[in-house]
Amino acid sequence: MMGRLGTVLVLDFGGQYCHLIARRVREQGVYSEIVPCDISPDDVEKMNEKFNVKGMILSGGPSSVYEEDAPKIDPKILDLGIPLLGLCYGHQLIAYILGGKVLKGTRREYGTTYITIVKPVGVLKGLGPKEKVWMSHSDTVYSLPDGFEVLAYSEACPVAAYRDVNRSIYGLQWHPEVTHTEHGVEMLRNFIFEVCGCQPGWSPSSVVEDEIRKTVGEGKAVIALSGGIDSSTAAVLAARALGKNLTAVFVDHGFMRKGEGEYVKRTFEEMGVNVLVVNAQERFMKRLKGVTDPEEKRRIIGREFIKVFEEIAEKVGSEYLIQGTIYPDRIESGFRRRSEKIKSHHNVAGLPTRIKFKAIIEPLRDLYKDEVREVARKLGLPEEIVCRQPFPGPGLAVRVVGEVTPEKVEIVRKADRIVAEEIERGGLKDELWQYFAVLTGVKSTGVKGDSRAYGDVIAVRIVESREAMTASFAKVPYEVLERISTRITNEIPEVTRVVYDITHKPPATIEWE
């Protein structure tokens, strides 16, 4: 399918940005493939026969090179003659393996840092003497192996970037893949095109229906349909592949946005998809009674989702479950051996260990959100679906901090609707990735009608992003925020205070739980 297009391999050391690196490469029109960090030189050579491997990027990760079970590469990888770029942990690991000195830093660097470039060559070609980058590390390279030279340093990091003078091996202590590194794209482009010699030419291929058809055969399948872009795209693909043998199941667990169930049923029935709405509100609420831990909420909802699907599948005679899981879901759920789990997604790590389906099919598992949108447009989905903002599988249950009750869900549902209405009224919808309200679980004193009030605090979260792996809080006009705050405190008697979340991702996640 991809022929022998130049490909960059991304070696996964368990960092949450591994897939973001791969995505950034793809954005440049170059195919990327994620592989285990301990891939053998022989396996690289075999992949080279299919993919024409032009370069390799070693991702960051949560380990220290000195830990006993720290992930390592086969040193022979360095001798293949394929250009290498180490990022963060990868940067430290290359230096360590070749005889450099890596130690705990005198000061940790988390967040925006300014580095000084002393030699703007290779990966740093064309950059200025001072660059704003994103750091996230405690270990630091203090001395380099023979034949290496320093390209950049920071106040707390004497070797922030290096290169092998004789081979195309580079290391960056910072993360060029995140948007907070001001010229990160230029750095990656330098590696991809200048160092590796790749040519642009790859684009997200249309997700074919053959995989679904081949796996299910003459059998029947159910698909989890939420109305979001991911499950909607997967549903249309599955419907085209299976026709009447597909049942799209919308589970109303009671944590959806206002009018969600009716909208989904109407929209997809008009598109010829067989939709079954299951009212399970009391069932889910009962399971969550007394639960406050966000991970436990997600696990409970995940288990209950599967139980519902099993019951429906048995009724309609289905043996397969299809889901709209995408790359960010999988990486945040720690689906790889070395990956650090950020939070469980109800349709990934939230799945019970034993299920009653022959198989779970995830046709979008290797795509990012904007790639899914591209596929959706090619499939002819309505633009209203294509551009819908993301909504978590557990719904409003993870936008109520602490125990979930029907009363709390109703408060956050009303607040969420107000946020959406005012953002859309202000003409900001197309500029933003996500906008919603969170019931914080905090009480605050207020004044209503000249009387003291003691009520709930609502947090408003509005972010800009390209793929949800990183995000920046949106600098929304004050008049829009004022309308949101005024309406929430006026229209929802239980709320006495509204706050605006000004935290980027990282260090926060987009959702609060």
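This dialogue goes through salt bridges, burial and one surface patch in a predicted model.

Reader: What kind of model is this, and how are residues numbered?

Author: It is a predicted model, where local features need pLDDT of at least 70, side-chain atom pairs count only at pLDDT 80 or more, and totals for chains, interfaces and linings use all residues. Residues are numbered from 1 along each chain as its sequence is written, and side-chain values use heavy atoms, with hydrogens and water left out.

Reader: What is a salt bridge, and how many does the rule give?

Author: A salt bridge is a side-chain nitrogen of Lys or Arg within 4 Å of a carboxyl oxygen of Asp or Glu. The rule gives 33 salt bridges.

Reader: Which residue forms a salt bridge with Asp 416?

Author: Arg 399 does, with the closest N and O atoms 3.4 Å apart. Helices (H or I, at least four residues) and strands (E, at least two) are DSSP runs, numbered from the N terminus. Asp 416 lies in helix α13 (residues 406–425) and Arg 399 in the loop between α12 (383–386) and α13, so this pair ties together parts 17 residues apart in sequence.

Reader: Is Arg 399 buried or exposed?

Author: Buried means under 20% relative accessible area, exposed over 50%, and partly exposed in between (1.4 Å probe, protein chains only). Arg 399 has 1% relative accessibility and counts as buried. Asp 416, with a relative accessible area of 7%, is buried too.

Reader: Which other side chain does Arg 399 meet in a salt bridge?

Author: That of Glu 511, at 2.7 Å, N to O. Glu 511 lies in the segment after β18 (495–500), so its pairing with Arg 399 ties together parts that are 112 residues apart in sequence. Glu 511 is buried, as is Arg 399.

Reader: Where do Asp 501 and Arg 461 lie?

Author: Asp 501 is in the segment after β18, and Arg 461 is in strand β16 (residues 451–464). They form a salt bridge whose closest N and O atoms are 3.5 Å apart. The pair ties together parts that are 40 residues apart in sequence. Asp 501 is buried at 9% relative accessibility, and Arg 461 is buried at 0%.

Reader: Which residues do salt bridges with shared partners join into one network?

Author: The network consists of Arg 417, Glu 421, Glu 422, Arg 425, Arg 483, Arg 487 and Glu 491.
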